[in-house]
Amino acid sequence: MSTTPSGARIHRATLIRGDGIGPEVTEAALQVLEAAGVAMEWDTVEAGAEVVQKYGTPVPEGVLDSIRRTRVALKGPIGTPVGGGFRSANVTLRQSLGLFASVRPVKNLPGLKTPFDGVDLVLVRENTEGLYSGLEHQVAPGIVESLKIVTEAASLRIAEYAFQLAQREGRSEVCTVHKANILKLSDGLFLECARRVAKGYPEITHREIIVDNCAMQLVTNPGQFQVLLLENLYGDILSDLCAGLVGGLGVVPGANIGEDIAVFEAVHGSAPDIAGKHLANPTAVILSAVMMLRHLGEDDAASAIEQAVFQTLAEPANHPGDLGGHAGTDEITRAVIERLE
Ligand code: NAI
């Protein structure tokens, strides 16, 4: 591990700026990290639609090699064409690097008024299989088949991760979200694995909930949930719903965790409707960088940035469009940096 002349550790990490608002919001995060005095050495690589023409894939081998080398990445969102075109770069990254857990903490931000108080939950989403396996084909014109893959190994692994997270964070309940009443084999296996893992954690309550009821409970009484354990597609859909509970997609960070690799990225996508207009809320990516710092053991810098973000958002003058205000990406970033100085 190399250090700066003042003795601070220098962290090597991969940077993917991404598409749409990606370059704007990742730039904001880089500036904030620098202002917090964190010494980062970035290996910047390109992935996404722009590189498909050149390499024939949105995720060239060089991107995977870089992340395998640095084992940590900060990533902006990457767009995926609808109904055709190339396979999702995000899914390719997660599957190729074995990033089996998507972890998304959803919490009220101090000072930011939203319809609910007391939201403090973590979504733990299985990130490598389910309906995201990409196994689809046309059986005959007008009939397509899409395969939902659920394996015992991946289900046990994600359940174990969820219970460990609950234990580490002092949370007393894990709630497995499923549709095993209808998908008796696939969701049945996922649920059965969660039940098996739960037996090893007698101090943590294991609750089970059917996904449609979970959606309703989340929009009426979200404070009842602590850790949601979900298969891939339910996790994708309910992450956005949960983001809506605490201010929207612009404020919720995330991490994709593997055995020894972690890629940090916001829940939101590339937001093409506001790209290039400096309207994007950088909070979600800045808070993803905070998660990265904690992963790297830089807890003081992580807490300093988090506090600066909370103080910034506590003032309505610093709210961007998605929070009902008029502040631009650069203004919010400057406001966070001022509070770090
Ligand atoms: P989106 O998350 O990009 O946008 C949904 C809505 O939220 C839009 O109105 C957008 O303006 C707003 N929004 C999102 N992030 C915001 C921010 N930081 N500040 C202010 N407003 C924000 O979802 P959408 O439109 O469904 O997807 C757009 C593209 O992003 C698609 O190609 C999709 O595949 C991709 N995507 C990529 C993800 C990733 O790289 N991890 C995750 C989700 C979607």
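Two strands pair if DSSP finds at least two bridges between them. That rule applies here to a predicted model, beginning with strand β3.

**Strand β3 and its partners**

Strand β3 spans residues 72-75. On one side of β3, strand β1 (residues 10-16) runs parallel to β3 and is joined to it by three bridges. Strand β12 (residues 262-264) also pairs with β3 in the parallel sense, again over three bridges. Specific residues mark the register. Valine 72 of β3 stands opposite alanine 262 in β12. Lysine 75 of β3 stands opposite isoleucine 16.

In a regular strand the side chains alternate between the two faces of the sheet. Which residues of β3 lie on each side, and are they buried or exposed? Val72 and Leu74 are on one side, Ala73 and Lys75 on the other, and all are buried. Both faces of β3 are therefore covered, with buried meaning under 20% relative accessible area.

**Two domains and their interface**

The domain assignment splits the chain into domain 1 (1-102 + 250-341) and domain 2 (115-245). Domain 1 is thus given as two segments. The table collects the values for the pair.

| Item, domain 1 and domain 2 | Value |
|---|---|
| Separation of centres, over C-alpha atoms | 25 Å |
| Residues in contact | 13 of domain 1, 14 of domain 2 |
| Area buried between them | about 1,100 Å² |
| Share of that area from carbon and sulfur atoms | 55% |
| Salt bridges across the interface | zero |
| Residue pairs in polar contact, both at pLDDT 80 or more | six |

Which elements of domain 1 supply at least two residues each to the side that touches domain 2? They are α4 (89-96), β4 (101-107) and β11 (255-257). Of the elements on this side, α4 gives the most, with three residues.

**Proline 105 in β4**

Proline 105 sits in strand β4. Is proline 105 buried or partly exposed? Its relative accessibility is 28%, so proline 105 counts as partly exposed. The cut-offs behind that call are 20% for buried and 50% for exposed, and partly exposed lies in between.

What does proline 105 touch, leaving aside residues up to four places away in sequence? The contacts are Leu121, Val122, Val252, Pro253 and Met291. Methionine 291 is 186 residues from proline 105 in sequence. In space, the C-alpha atoms of proline 105 and methionine 291 are 9.8 Å apart.

Technical notes:
Residues numbered from 1 in each chain as written. Predicted model: local features only at pLDDT ≥ 70, side-chain atom pairs only at ≥ 80, totals over all residues. Heavy atoms only, no water. Buried < 20%, exposed > 50% of the residue type's maximum accessible area, 1.4 Å probe, protein only. Helix = DSSP H or I, 4+ residues; strand = E, 2+ residues; numbered from the N terminus. Domains from an automatic or database assignment. Contact = heavy atoms within 4.5 Å. Buried area = accessible area lost by both parts, 1.4 Å probe. Salt bridge = Lys/Arg side-chain N within 4 Å of Asp/Glu carboxyl O. Polar contact = N/O pair within 3.5 Å; in protein donor to acceptor, adjacent residues only side chain to side chain.
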